[in-house]
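Work through the exercises below with the sequence and the coordinates open side by side. Each one sets a task and then solves it step by step.

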Amino acid sequence: MKFAALIAALVGSASAFAPAINGARSVTALNEKSKALPFMNRPPLLDGSMAGDVGFDPLGLSNIDEVGIDLYWLREAEIKHCRVAMLAVVGMVQVECFGPAPGCEMATAKNQMDAFWQIWGAHPQYIAFALIMIMITETVSGIATTTGRESGMREPGDFGLDPLGFSRGDPAKFERIKAQEVANGRLAMWAAAGLLVQGCSTTEGGVGNLMTALKDNSF
């Protein structure tokens with residue numbers, strides 16, 4: 001009887017200390033500093049498991065969940081805009097340096113904003129067709145995002161498009177490639193925004209603005 005009482009007392013003591021240990025770990029996790037902003041705590045949901053995650057969320061957007069938008073949706077939107085921005089920057093620079101694509105010969109302006117309106121004036125059906133294709137793409141993307149979010153079986157941004165088979169190779173290398181995609185996409189979003197602002201404020205394209213700046217500020 002005394003032995004049983006001793007065992008019960010030890011189990012009770014261990015149980016009493018267990019919450020304190022878990023609580024200490026939780027406090028440590030909450031007080032962990034962000035890699036991107038060392039003077040701020042790391043957002044709880046940004047634990048580094050996503051490619052390119054360095055804990056940058058000064059506005060706390062990763063914690064939004066009251067309006068039907070959560071971290072899954074935000075991640076999907078980021079990757080989508082990364083990919084669109086990379087294509088946009090390449091397209092802008094390519095057209096400025098090598099001329100318009102076949103069928104768009106009327107877009108002779110180096111400034112992509114002016115080139116857009118040249119196409120609109122000559123062939124507005126091109127713009128209408130592009131808008132229809134965007135609507136179809138957004139519908140497919142929305143369905144994939146909704147089903148993936150509900151099932152938990154789909155990673156944000158994953159459409160199974162991997163013609164070079166990167167996902168079937170070394171897992172560590174594939175994770176590095178995903179991080180590079182996000183990093184280059186974030187840079188491309190800034191670049192695309194800069195090209196659009198320059199296009200609205202000058203008569204030159206991005207490359208032309210760069211050459212002018214180098215010429216005017218060279219020693």
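**Exercise 1: a pocket and its lining**

The second largest pocket has a volume of about 610 Å³. Identify the residues closest to the centre of this pocket, and state which helix gives the largest share of its lining.

Solution. Begin with the lining, which comprises 20 residues, the closest to the pocket centre being Phe56, Asp57, Leu61, Glu78 and Arg186. Next, assign the lining to elements: α2 and α5 each contribute at least two residues, and the largest share, five residues, belongs to α2. Bear in mind throughout that the model is predicted.

**Exercise 2: overall build and confidence**

Determine which elements make up the protein, and find where the confidence is lowest and where it is highest.

Solution. First, list the elements: the protein has six helices and zero strands, so that the order from the N terminus reads α-α-α-α-α-α. Second, take the confidence for the protein as a whole, where the mean pLDDT is 82 and 84% of the residues reach at least 70. Third, resolve this by element: helix α1 (residues 2–30) has the lowest mean, 39, whereas helix α5 (residues 171–201) has the highest, 93. Residues 1–28 have a pLDDT below 50, and in the model this stretch makes zero contacts beyond near neighbours in sequence. Finally, consider burial and contact range: 23% of the 219 residues count as buried, and among contacts between residues at least 6 apart in sequence, 50% join residues at least 24 apart.

**Exercise 3: the surroundings of Asn111**

Decide whether Asn111 is buried or exposed, and describe what its side chain and its contacts reach.

Solution. Locate the residue first: Asn111 sits in the loop between α2 (71–98) and α3 (112–122). Because its relative accessibility is 1%, below the 20% cut-off, Asn111 counts as buried. A polar atom of the Asn111 side chain lies 2.8 Å from the backbone nitrogen of Met113. Once neighbours within four places in sequence are set aside, the contacts of Asn111 are Gln198, Gly199, Thr202, Thr203, Glu204 and Gly205.

**Exercise 4: two cysteines**

Classify Cys104 and Cys200 by accessibility, and state how many disulfides the structure contains.

Solution. Cys104 is buried, because its relative accessible area of 19% falls under 20%. Cys200, by contrast, counts as exposed, because its 59% is over the 50% cut-off. For the last step, a search of the whole structure gives zero disulfides.

Definitions and conventions. Residues are numbered from 1 along each chain as its sequence is written. This is a predicted model: local features need pLDDT of at least 70, side-chain atom pairs count only at pLDDT 80 or more; totals for chains, interfaces and linings use all residues. Side-chain values use heavy atoms; hydrogens and water are left out. Helices (H or I, at least four residues) and strands (E, at least two) are DSSP runs, numbered from the N terminus. Buried means under 20% relative accessible area, exposed over 50%, partly exposed in between (1.4 Å probe, protein chains only). A polar contact is a pair of N or O atoms within 3.5 Å; within protein, one must be able to donate a hydrogen and the other to accept it, and residues adjacent in sequence count only if both atoms are side-chain atoms. Contact means heavy atoms within 4.5 Å. A disulfide is a pair of cysteine sulfur atoms within 2.5 Å. pLDDT is the predictor's confidence in each residue, from 0 to 100. On a 1 Å grid over the protein atoms alone, a cavity is a set of points where a 1.4 Å probe fits but cannot get out, and a pocket is an open set with protein on both sides within 12 Å along at least five of seven lines; lining residues have an atom within 4 Å of a point. Grid points are joined across faces, edges and corners, and a volume is the space filled by probe spheres set on the points.
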